[in-house]
Amino acid sequence: MTRGPARSGNTAAPRSVDVARLAGVSQKTVSRVFNDEQYVSAEVRRRVLEAAEELGYRRNNAARALASGRTRSIGVVTLGTALYGPASLLMGVERVVRDTGYALRVVNTVEGDPAGVAGAVDSLLDQGVDGIVISEPIDEDAAEGADGNTSLRIDVPVLVIGAPSPVTAPTVLTAGGGADLMAHTATEHLLDLGHPTVHHLAGPQRWYAARDRLEGWRATLSARGRAVPPAVEGDWSAASGYRAGRELAEDSDVTAVFAANDDMAIGLIRALSEAGRRVPEDVSVVGFDDIPVAAYVTPPLTTVRQPFDAVAQEGLKRLVHAIENPAAAPLPAGDPPIDLIVRASTAPPPSRTTPARGRRTASRPGGSAHPAQLANGGPPTPH
């Protein structure tokens, strides 16, 4: 990986001999510095490290490992958080990596650190991983007002989950898209019940997933010719859903709300109930994720189930194929499943009669379709 000014396609990467020449030392001394060997003075170490930084030089541990046999390890860059979505996705990746016979190395980033991904990738490359999974859900450039010129150059295959790729690499794969289509399914469900429009309790907009869900909701209303109310932004917590619910409860025209995650939906329902707005008799609510408690709240929550295991399974299969077959074309990506879990928090608006529930198909824009799983309050099978 090289940061700093991008190199032209025909410029060779700097070598240890270049570092030695600039620092005024031997190649053996450069090797000693990077291997943390003794008998190197602090001044010489400083000159070597400064020369390496100026040239953009790094030891290619991954290439060295390949020369003697792969390390059979995969690195993961992920946000250090207990939120359901990122944590569940990481668990799915861990299960799949174990099954492939590769070792897993995880480096957590910290929300609010725009250099976090670069530092995490550096750490993984220093460990000689054969491939990297980037599961970084936040656009720190947008959050920090950066110029967006943060592309990293990596010399191993990379899988990016649920976000635009922040890297340049021999092979860059993507997985975990489709949040807009899942939001489309949730919004369509409420419109099909007869609600004139659907309000949205959005996640924080520095998160890629929150943007995708908002866009899917907005596009669905527009395609159906319905009014698009202003979205209310939360922070993924039940407390923020509760605050939004107190605000929405004051508007008697609100009959349906799509929340960008289940925690916010649960807080929203609490606030509506305290304000005398019954769910679903007065207001229908749909969540997103299908967290384990969603089937056991009052009323049981209608939600869209995130396919964390399916995303991890397909993404890692494609990444391992790229690692082991560097000259082959990448395996094609498939469409993620869309499961709408219908429980007791949704119903027609107050003036309509509730139809019998049954099995339906979750349609996708453009005519394709995926089966939508329906459940009636039973236990469930990101955020």
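**Exercise 1. Determine in which sense strand β5 and β7 pair, and over how many bridges.**

Solution. Strand β5, residues 158-161, pairs with β7 in the parallel sense over four bridges. Two strands count as paired if DSSP finds at least two bridges between them. Strands (E, at least two residues) and helices (H or I, at least four) are DSSP runs, numbered from the N terminus. Within this pairing, Ile161 has Ala175 of β7 as its bridge partner.

The model is predicted: local features need pLDDT of at least 70, side-chain atom pairs count only at pLDDT 80 or more, and totals for chains, interfaces and linings use all residues. Residues are numbered from 1 along each chain as its sequence is written, and side-chain values use heavy atoms, with hydrogens and water left out.

**Exercise 2. Place β5 and β7 in their sheet, and state which strands form the edges.**

Solution. Step one: the open sheet has five strands in the order β2-β1-β3-β5-β7, and the pairing is parallel. Step two: β2 (103-109) and β7 (172-175) are the edge strands, each pairing on one side only. Step three: neighbouring strands of the sheet are turned by 20° against each other on average, direction ignored.

**Exercise 3. Identify the strands that helices α5 and α12 lie across.**

Solution. Step one: helix α5 (residues 84-100) lies across β1 (73-79), β2, β3 (131-135) and β5, and runs at about 160° to β2. Step two: helix α12 (residues 308-324) lies across β1, β3, β5 and β7, and runs at about 170° to β7. Contact here means heavy atoms within 4.5 Å. The axes are lines fitted to C-alpha atoms, for helices over the stretch in contact, and angles run from 0 to 180 degrees between N-to-C directions.

**Exercise 4. Locate the cis peptide bonds at Pro280 and Pro299.**

Solution. Step one: Val279 and Pro280 are joined by a cis peptide bond with omega of about 10°; Pro280 is found in the loop between α11 (262-274) and β11 (284-289). Step two: the bond from Thr298 to Pro299 is cis, with omega near -5°. Pro299 is found in the loop between β11 and β12 (302-305).

**Exercise 5. Describe the backbone and the burial of Asp289 and Asp290.**

Solution. Step one: Asp289, in strand β11, has a positive phi near 130° although the residue is not glycine. Asp289 is buried, with a relative accessible area of 1%. Buried means under 20% relative accessible area, exposed over 50%, and partly exposed in between (1.4 Å probe, protein chains only). Step two: Asp290 lies in the loop between β11 and β12, and has a positive phi near 65°. Asp290 is also buried, at 4%.

**Exercise 6. State how many aromatic pairs the structure holds, and analyse the pair of Trp207 and Trp236 and that of Phe258 and Phe288.**

Solution. Step one: there are three aromatic pairs. Rings of Phe, Tyr and Trp (its six-membered ring) pair if their centres lie within 6.5 Å; planes under 30 degrees apart count as stacked, over 60 as edge-to-face and the rest as tilted. Step two: the ring centres of Trp207 and Trp236 are 5.7 Å apart and the planes stand at 80°, so this pair is edge-to-face. Because Trp207 lies in the loop between β8 (199-202) and α9 (208-223) and Trp236 in the loop between β9 (232-233) and α10 (238-248), the pair ties together parts that are 29 residues apart in sequence. Step three: Phe258 and Phe288 form a tilted pair, with 6.3 Å centre to centre and 50° between the planes. Phe258 belongs to strand β10 (residues 256-259) and Phe288 to strand β11, so parts 30 residues apart in sequence are tied together. Both Phe258 and Phe288 are buried.
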